[in-house]
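Biologist: Could you take me through this structure step by step, and give the reasoning behind each answer?

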Amino acid sequence: MQSTRPAEMHVRRLHPLPLRIMHWVNAIAMLIMISSGWKIYNDDVILGWLHFPDALTLGHWAQHGLQWHFFGMWILALNGIAYMTYGLVTGRFRRMLFPIRWRELLKDMYDAVHFRLAHDDPTHYNAVQRLLYVGILLVGVVIVITGLVLWKPIQFSELTALLGGFQTVRIIHFLCMSAIVLFLIVHVTLALLVPRTLVAMVTGGPAINEMKAKAS
Ligand code: HEM
């Protein structure tokens, strides 16, 4: 028979350990993927004028860059699946990333461009942050799927056709990379401007007390 004990205090950190590990593994995997991807891109450019400087690429030559890309790919995909599962199962996505309301979004965007977006409550993401995080997670899903198609275009031939053919998939993959690089520039700049968020992503941040009725 199930009885419910009185509500009891349950203490958890703003960023629990598994989340922090997955966030930093993702950051490293992304850097490997971006820099090795630039090496591969340089070998057969999409935009004639765009070559990435060698100093920012990973791998001695294109094939070597590809080996790095395949290495990072497994870390990125497995870690990404773990993070998505964690976010959905623990309710973190629902708690931290939703809802995203138009009214709050417009107000926060207005405040952001006027440099007066409040940062007093680190346990709560503002609407702009929520939108950026949800957006970048979706871009992450698309870049992994298009990467899979570029890797195995014959095995995934239906998906290749559905997405508009190999060249189109290549362009989508490139656009996703560009979105991630833009996100990273903004994300890292903001983390450096508000260093206590960076410290929290390393140490776990403040404890969050919540009343939790525990079934026993
Ligand atoms: C060196 C690079 C990075 C740094 C310094 C960094 C820093 C941070 C910090 C400080 C936070 C907490 C923000 C807050 O509490 O207001 C955070 C959260 C987050 N970051 Fe990063 N990050 C990096 C790379 C990335 C990358 C590559 C991605 C994805 C493409 C990413 C996606 C996210 C997401 C989705 C969250 C929210 C996580 C959650 O609460 O579930 N980060 N990051």
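The exchange below moves from the overall fold to the ligand and then to single residues.

Biologist: What pattern does the chain follow when it is read along the sequence?

Modeller: Please keep in mind throughout that this is a predicted model. The chain has eight helices and two strands, and its C-alpha trace spans about 65 × 50 × 35 Å along the principal axes. Read along the sequence, these elements give the pattern β-α-α-α-α-α-α-α-α-β.

Biologist: What percentage of the residues of the chain count as buried?

Modeller: Among contacts in the chain with a separation of 6 or more, residues 24 or more positions apart account for 71%. Burial is a separate count, taken over the 216 residues of the chain, and the share that counts as buried is 31%.

Biologist: Which residues coordinate the iron atom of the ligand?

Modeller: The site of the iron atom is octahedral, with angles of 82 to 179 degrees among its six donor atoms. In general, the ideal angles for six octahedral donors are 90 or 180 degrees. The protein side chains that coordinate the iron atom do so through their NE2 atoms at 2.0 Å, and they belong to His 23 and His 187.

Biologist: How many residues apart are His 23 and His 187?

Modeller: His 23 sits in helix 1, which covers residues 17-43, whereas His 187 sits in helix 7, which covers residues 166-193. The pair thus links distant parts of the chain, and the separation is 164 residues.

Biologist: Are His 23 and His 187 buried or exposed?

Modeller: Buried means under 20% relative accessible area and exposed means over 50%, so a value in between is called partly exposed. His 23 has 23% relative accessibility, and His 187 has 22%. His 23 therefore counts as partly exposed, and His 187 likewise counts as partly exposed.

Biologist: Which side chain has a polar atom 2.6 Å from an oxygen atom of the ligand?

Modeller: The ligand is surrounded by 20 residues, and the closest are His 23, Tyr 83, Arg 92, Tyr 125 and His 187. A nitrogen atom of the ligand lies 2.6 Å from an N or O atom in the side chain of His 187, while an oxygen atom of the ligand lies 3.0 Å from an N or O atom in the side chain of Gln 129. The polar side-chain atom that lies 2.6 Å from an oxygen atom of the ligand belongs to Tyr 125.

Biologist: Which element gives the most to the shell around the ligand?

Modeller: By class, the shell has 13 nonpolar, six polar and one charged residues. With six residues, the element that gives the most to the shell is helix 1.

Biologist: Which backbone nitrogen does the side chain of Asn 126 reach at 2.8 Å?

Modeller: Asn 126 has its place in the loop between helix 4 and helix 5, and it is buried, with a relative accessible area of 11%. Not counting residues up to four places away in sequence, Asn 126 touches Asp 108 and Leu 117. A polar atom of its side chain lies 3.0 Å from the backbone nitrogen of Val 128, and the backbone nitrogen that the side chain of Asn 126 reaches at 2.8 Å is that of Gln 129.

Biologist: What is the relative accessible area of Phe 115?

Modeller: Phe 115 is found in the loop between helix 4 and helix 5, and its phi is near 55 degrees, a positive value in a residue other than glycine. Phe 115 is exposed, and its relative accessible area is 81%.

Biologist: Which residues are joined by a cis peptide bond?

Modeller: The omega angle of this bond is about -5 degrees. One partner, Pro 99, is found in the loop between helix 3 and helix 4. The residues joined by the cis peptide bond are Phe 98 and Pro 99.

Biologist: What distance separates the C-alpha atoms of Gly 205 and Pro 122?

Modeller: Gly 205 lies in the loop between helix 8 and strand 2, and at 14% relative accessibility it counts as buried. Leaving aside neighbours within four places in sequence, Gly 205 is in contact with Arg 13 and Ala 200. Gly 205 and Pro 122 are 83 residues apart along the chain, and their C-alpha atoms are separated by 8.5 Å.

Key: Residues are numbered from 1 along each chain as its sequence is written. This is a predicted model: local features need pLDDT of at least 70, side-chain atom pairs count only at pLDDT 80 or more; totals for chains, interfaces and linings use all residues. Side-chain values use heavy atoms; hydrogens and water are left out. Donors are N, O and S atoms within 2.8 Å of the metal (3.2 Å for Na, K and Ca); water is not among the atoms, so sites may look incomplete. Four donors count as tetrahedral if all angles lie between 85 and 135 degrees; four count as square planar and six as octahedral if opposite donors are over 155 degrees apart and all others between 65 and 115; anything else is irregular. Helices (H or I, at least four residues) and strands (E, at least two) are DSSP runs, numbered from the N terminus. Buried means under 20% relative accessible area, exposed over 50%, partly exposed in between (1.4 Å probe, protein chains only). A residue is near a molecule or strand if one of its heavy atoms lies within 4 Å of it. A polar contact is a pair of N or O atoms within 3.5 Å; within protein, one must be able to donate a hydrogen and the other to accept it, and residues adjacent in sequence count only if both atoms are side-chain atoms. Ala, Val, Leu, Ile, Met, Phe, Trp, Tyr, Cys and Pro count as nonpolar, Asp, Glu, Lys and Arg as charged, and the others, Gly among them, as polar. Contact means heavy atoms within 4.5 Å.
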